[in-house]
Amino acid sequence: MASKNDNENFDNVIRLTGNEELAAKNRRRRLEKSRNKTRMIIGSLVVVVLLISVYFVYSRLRQFKGYKTISSATIVYETDANYIQFGGNLLKFTTDGASYIDEEGNTVWTAGIDAKNPIAESNGRYAVVADKGGNNVYVFNTGGLVRQVTMKYKITDIDVASQGAFTAVLESDETNYINMYSSSGQAIYEMRTSINKSGYPLDISISDDGQKLFTSYFYMNGINTNIKLTAYNFGEVGQNANADRMVGGFTYESELFPKVEFVTNDIIAAFSDKEIVFYDMKEKPSERAKVKYKNDVQSIFYNSNYVGTVEKNNTATASSSAYYTMRLYDLNGNEKFEYPFDLNYEKIYASDDEIIFTGDNQCLIVTNKGRTKFRYSFDSRVKNMIPSTGKNKYVVTFEDRTETIELTSKDEH
């Protein structure tokens, strides 16, 4: 017979039959629940990724048929008005003035200038307008006129760096000068060349940081015409090279290079009548790639990601009315695509994502993948067209107004 204490001890013990099996079942339920939750999360993420991918592909492949006007501003018609991109918007310049036009088409400021034959260049927040054949240079930033600088000799060419320093090619009777100035007009350097010895400058380009210069000079060698492409470095490397800071050069016979351009701070594209030559120039120049033209080139365009050419086709085939072929190349000289078209264009604008052609009252927008995004005939002559802030929005300048438009699937006009 059990004692009282034994019974008490026995009665205080609670025993659950199958306790371990129940715990295992609970663990399995929790694990399955966790797995189901994980599957739901992964499934949701897959759906989101698919939706994003479909939207991305749709956006890339979408072709627009019309537009709606977001805003419109009346402008005074000027036959001699020209436009360049400036600070993400537009700089309008004429013989007697320059104006900054914002993304809504409004004139932010206007400055008076005196230029019988105005030429202009921009880089980021800075722009310069010069009187080609005259002596005046006007430096602007997005806030307005920074400085007017008067040159000693006639101006033949101009370029500007991203911080506002500018280079001017000047011409006297027997001597050419390539001078760089700060945005306030202070001389930074001066290079003097003899027309008889060095030839005549065709084009110049300075790097974004203002430290490097690339030039194209035309000269005669007996009865042959030659081109000398020359690179200068005004940083520490150039100081150690020689007195004139020249760090490299390339000579071409029976070939013209009317255009040279720093497409990035360290890559130059030199456009000849036969080919495009790319150069690397972190400090000193070296050939990077070459592209031979397939046909006669009528126009070139470029930005920091690619360069392009427009060829005039000799004849339009019976199956196509395309009188032009656009070709796009990356900065390694690889052809990305060719695009035949028939728009009688006057201007080309190349952004990172697309190429815009305008001519008369028409526009054509082609993506950097070679797809037609938008083609349209407006009711007025188009003077200029550039992308605005916001997806599928553009600033279009007509003769009597500037409009901000948004592309649409249907024509609303």
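**Entry 1: N89**

Strands here are DSSP runs of E, at least two residues long, numbered from the N terminus. I am working on a predicted model, so strand names below come from that DSSP reading of it. I looked up N89 to begin with, and found it in strand β3, which covers residues 89–93. Is N89 buried or exposed? I get a relative accessible area of 15%, and the cut-off for buried is under 20%, so N89 goes down as buried. I then listed what N89 touches, skipping residues up to four places away in sequence: I84, Y100, I101, D102, E103 and I386.

**Entry 2: V108**

I moved on to V108, which sits in strand β5 (residues 107–112). Its relative accessibility comes out at 47%, so I noted V108 as partly exposed. Leaving out residues up to four places away in sequence, I have V108 touching Y100 and D102. Both names were already in my notes, since Y100 and D102 are among the residues that N89 touches. I also checked V108 against T142, 34 residues apart along the chain, and their C-alpha atoms are separated by 9.1 Å.

**Entry 3: S182**

Where does S182 lie? I found it in the loop between β12 (175–181) and β13 (187–194). Despite the loop address, S182 counts as buried, at 18% relative accessibility. With residues up to four places away left out, S182 touches G164, A165, F166 and I188. I also noted a polar contact of 2.9 Å between the side chains of S182 and S184.

**Entry 4: the sheet β14 to β17**

I traced an open sheet of four strands, in the order β14-β15-β16-β17, with antiparallel pairing. Which strands are at the edges? I have β14 (200–206) and β17 (246–253) there, each pairing on one side only. Neighbouring strands of this sheet are turned by 15° against each other on average, with direction ignored.

I followed one pairing further. Strand β16 (residues 224–233) and β17 run antiparallel, joined by seven bridges. For N226 I looked up the bridge partner in β17, and that is E253. A reminder to myself: strands of a sheet pair through backbone hydrogen bonds, either parallel or antiparallel.

**Entry 5: salt bridges**

How many salt bridges does a search of the whole structure find? I got 19, and took down a few.

D266 and K212 meet through their side chains in a salt bridge at 2.6 Å, N to O. D266 is in the loop between β18 (259–262) and β19 (267–271), while K212 is in strand β15 (residues 212–221), so this pair ties together parts that are 54 residues apart in sequence. That brought me back to the four-strand sheet, where β15 stands between β14 and β16 in the order. I checked how covered the two partners are: D266 is partly exposed at 29% relative accessibility, whereas K212 is buried at 3%.

K259 and E261 are another pair, with the closest N and O atoms 3.4 Å apart. I have both K259 and E261 down as buried.

E275 and K292 also form a salt bridge, with 3.1 Å between the closest N and O atoms. What does this pair tie together? E275 lies in strand β20 (residues 275–280) and K292 in strand β21 (residues 286–292), so the link is between parts 17 residues apart in sequence. E275 is buried at 2% relative accessibility, but K292 is exposed at 55%. I also noted one network of salt bridges that share partners, joining K294, E311, R327, E335 and E338.

**Entry 6: β32 and the strands beside it**

I finished with strand β32 (residues 401–408). How many of its eight residues are buried? I got seven, so β32 is mostly covered.

I looked up two pairings of β32. Strand β1 (residues 66–74) pairs with β32 in the antiparallel sense, over eight bridges, and G66 stands opposite T408. Strand β31 (residues 393–398) also runs antiparallel to β32, and five bridges join them. In that pairing I found T397 opposite T402. I wrote β31 and β32 down as a hairpin, with two residues between them.

Notes. Residues numbered from 1 in each chain as written. Predicted model: local features only at pLDDT ≥ 70, side-chain atom pairs only at ≥ 80, totals over all residues. Heavy atoms only, no water. Pairing = 2+ DSSP bridges. Axes fitted to C-alpha atoms, helices over the stretch in contact; angles between N-to-C directions. Buried < 20%, exposed > 50% of the residue type's maximum accessible area, 1.4 Å probe, protein only. Contact = heavy atoms within 4.5 Å. Salt bridge = Lys/Arg side-chain N within 4 Å of Asp/Glu carboxyl O. Polar contact = N/O pair within 3.5 Å; in protein donor to acceptor, adjacent residues only side chain to side chain.
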